[in-house]
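Q: I'm new to this one, could you walk me through it?
A: Gladly; let us have it in view before we start.

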Amino acid sequence: MLENFNARVLLDPNEVPKEWINILPDLPSPITPLINPMDGKPAPPELAFAIFPKECVLQEVSQDNTISIPKELREIYATTYRPTPLHRAVRLEKMLGINDGRIKIFFKNESVSPTGSHKPNTALAQAYYAGIQGIEELVTETGAGQWGSALSYGCNIYGLKCTVYMVRASFIQKPGRKILMRAYNAAIHASPSKHTDAGRTFYDINPDHPGSLGIAISEAVEHSLRSDKIRYSLGSVVNFVLLHQTIIGQETKVQLKKIGLEPDILIGCMGGGSNFGGFAIPFVKDKLQGKCPDLEIIGVEPRACPSVCKGEYRWDFGDTAKKAPILKMYTLGHTFIPSPIHAGGLRYHGMAPIISILSNNNIISTSMLHQTEIIEAGLKFAQTEGILPAPETAHAVKEAINQALKAKENNEKKVIVFNFSGHGFFDLLAYKEFMSGKLEDYELPKEDIKKALASPDMPIIDENQF
Ligand SMILES: *Cc1c(COP(=O)(O)O)cnc(C)c1O
């Protein structure tokens with residue numbers, strides 16, 4: 001019986017997309033520039049070129065509809081892990097009692113990459129561009145360790161040195177990620193560290209400071225400005241990272257087409273917005289062009305760090321030490337230090353400007369979930385589909401389950417597709433705590449958000465200047 005022969009849709013290596021999809025020219029309101037934190041003015045190209053690989057800076061502001069993927073890079077994707085499979089979650093459907101085919105759940109499996117998440121998609125691209133420019137070292141920050149391992153992997157492929165500032169809470173919680181990064185020859189520092197001025201202001205007061213992504217970003221940016229042979233690398237938030245991730249959504253589109261389906265609901269978890277953006281943008285483009293007005297696109301956040309759901313759309317620093325560019329985005333305030341939830345990759349105070357614009361214009365919607373409910377959903381997923389999701393990814397799993405059950409209740413027909421951003425093999429502690437009844441929920445109190453956003457430290461940018 002091959003009734004479920006469409007349950008795993010594979011593409012050939014030569015079907016790796018030839019171009020990235022750029023959403024900037026289609027946005028309902030224009031993208032805002034990156035602002036230099038030193039003077040409150042749009043960052044001059046020279047400054048951006050000193051921080052990021054040159055090609056990435058050009059992509060950040062490009063108004064081209066598509067940007068071609070260099071042949072050498074496509075070859076790396078195709079000879080390593082792309083295209084990734086699209087699976088129908090048949091056993092999950094069965095468990096939910098929706099296996100009559102009216103409601104279908106699919107997931108795009110980005111966990112098959114060498115480091116277990118979508119992040120190598122951009123890590124490889126950034127290392128490639130740095131390499132052809134003659135850059136010798138990339139430096140970055142990492143929260144949960146996913147981005148650090150992806151960049152370590154990318155740099156190792158292209159023979160670049162890689163330095164990673166890792167949020168101390170994760171450095172202690174996730175020794176596995178540290179070892180993986182070292183396996184790829186990277187140098188790792190727990191952040192806040194004593195290696196940078198930005199780190200020392202926290203380290204000297206408390207050497208056990210748990211750190212935050214914001215502090216680690218400050219350290220990495222400072223480190224990158226030390227030499228012209230070093231550049232800073234970002235794993236999320238900025239336009240060019242979302243651009244690189246659009247291979248996910250493009251492949252998904254082709255895969256759904258192969259089995260004659262169109263999605264009704266797309267779901268992804270949101271930290272800085274890159275896996276969700278990369279998954280959704282090719283479909284968002286269609287929606288903005290009126291091709292699929294009813295398509296629902298849902299980004300899911302943790303209740304402990306609900307940047308879009310509970311934050312404000314305004315200018316804010318990208319990092320705590322106010323060294324990174326100022327962005328217009330949904331934010332909880334750069335002074336906000338989130339509770340140490342296990343979905344470390346979702347603990348960022350802001351959201352990608354592209355996603356912020358899409359949300360502010362109601363092109364996409366958002367939801368929030370608690371830590372225990374998503375881990376519980378992650379276990380259900382492992383018990384049915386076999387893959388233990390990363391806690392970040394478990395947010396998308398839980399939302400997909402919620403949407404499926406809602407459709408069942410309303411007796412609707414739905415094709416639900418979510419992005420499976422990564423596996424949780426390095427996040428077993430979250431599952432262990434859940435199993436022993438120790439996992440706690442954190443809800444970010446309204447007063448805390450109000451306080452962070454009322455800080456006199458929040459930047460005020462004159463929008464009449466551009
Ligand atoms: C980093 C990470 C995320 C969150 O980052 P985005 O930029 O929002 O995608 C989500 N899932 C996994 C598995 C991650 O590693």
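The chat below goes through the ligand and its surroundings, and then a few single residues.

Q: What kind of model is this, before I read anything into it?
A: This is a predicted model, and the values we discuss are computed from it.

Q: OK, so where does the ligand sit?
A: The ligand is placed in the largest cavity.

Q: And how many residues surround the ligand there?
A: There are 19 residues around the ligand, and the closest of them are Lys119, Ser236, Gly271, Ser274 and Asn275.

Q: How does that shell split by class?
A: The shell around the ligand is made up of 13 polar, 4 nonpolar and 2 charged residues.

Q: Which helices supply at least two residues of the shell?
A: Helix H12, covering 274-288, and helix H16, covering 391-409, each supply at least two residues of the shell around the ligand.

Q: Which side chains have an N or O atom 2.7 Å from the ligand?
A: The side chain of Asn275 places an N or O atom 2.7 Å from an oxygen atom of the ligand, while in the side chain of Ser421 an N or O atom is 2.7 Å from a nitrogen atom of the ligand.

Q: What about the backbone of Gly273?
A: A polar backbone atom of Gly273 is 2.9 Å from an oxygen atom of the ligand.

Q: How much of the ligand does the protein bury?
A: Taken alone, the ligand exposes 380 Å², and the protein buries 98% of that area.

Q: Switching topic, where is His118, and is it buried or exposed?
A: His118 lies in the loop between strand E5 (103-109) and helix H5 (120-132), and it counts as buried because its relative accessibility is 4%, under the 20% cut-off.

Q: Which residue does the side chain of His118 contact?
A: The side chains of His118 and Ser274 are joined by a polar contact of 3.3 Å, and Ser274 is also one of the residues closest to the ligand.

Q: Now Thr331, what's the story there?
A: Thr331 belongs to strand E13, residues 326-331, and it counts as buried because its relative accessibility is 0%. Its side chain makes a polar contact of 2.7 Å with the side chain of Asp316.

Q: Last one, is Glu385 buried or exposed?
A: Glu385, which is in helix H15 (residues 371-385), counts as buried because its relative accessibility is 12%.

Q: And how far apart are Glu385 and Glu93?
A: Along the chain Glu385 and Glu93 are 292 residues apart, whereas their C-alpha atoms are separated by 9.9 Å.

Notes:
Residues are numbered from 1 along each chain as its sequence is written. This is a predicted model: local features need pLDDT of at least 70, side-chain atom pairs count only at pLDDT 80 or more; totals for chains, interfaces and linings use all residues. Side-chain values use heavy atoms; hydrogens and water are left out. A residue is near a molecule or strand if one of its heavy atoms lies within 4 Å of it. A polar contact is a pair of N or O atoms within 3.5 Å; within protein, one must be able to donate a hydrogen and the other to accept it, and residues adjacent in sequence count only if both atoms are side-chain atoms. Accessible areas come from the Shrake-Rupley method with a 1.4 Å probe; for residues, only the protein chains shown count as cover. On a 1 Å grid over the protein atoms alone, a cavity is a set of points where a 1.4 Å probe fits but cannot get out, and a pocket is an open set with protein on both sides within 12 Å along at least five of seven lines; lining residues have an atom within 4 Å of a point. A molecule sits in a cavity or pocket if more than half of its atoms lie within 2 Å of its grid points. Helices (H or I, at least four residues) and strands (E, at least two) are DSSP runs, numbered from the N terminus. Ala, Val, Leu, Ile, Met, Phe, Trp, Tyr, Cys and Pro count as nonpolar, Asp, Glu, Lys and Arg as charged, and the others, Gly among them, as polar. Buried means under 20% relative accessible area, exposed over 50%, partly exposed in between (1.4 Å probe, protein chains only).
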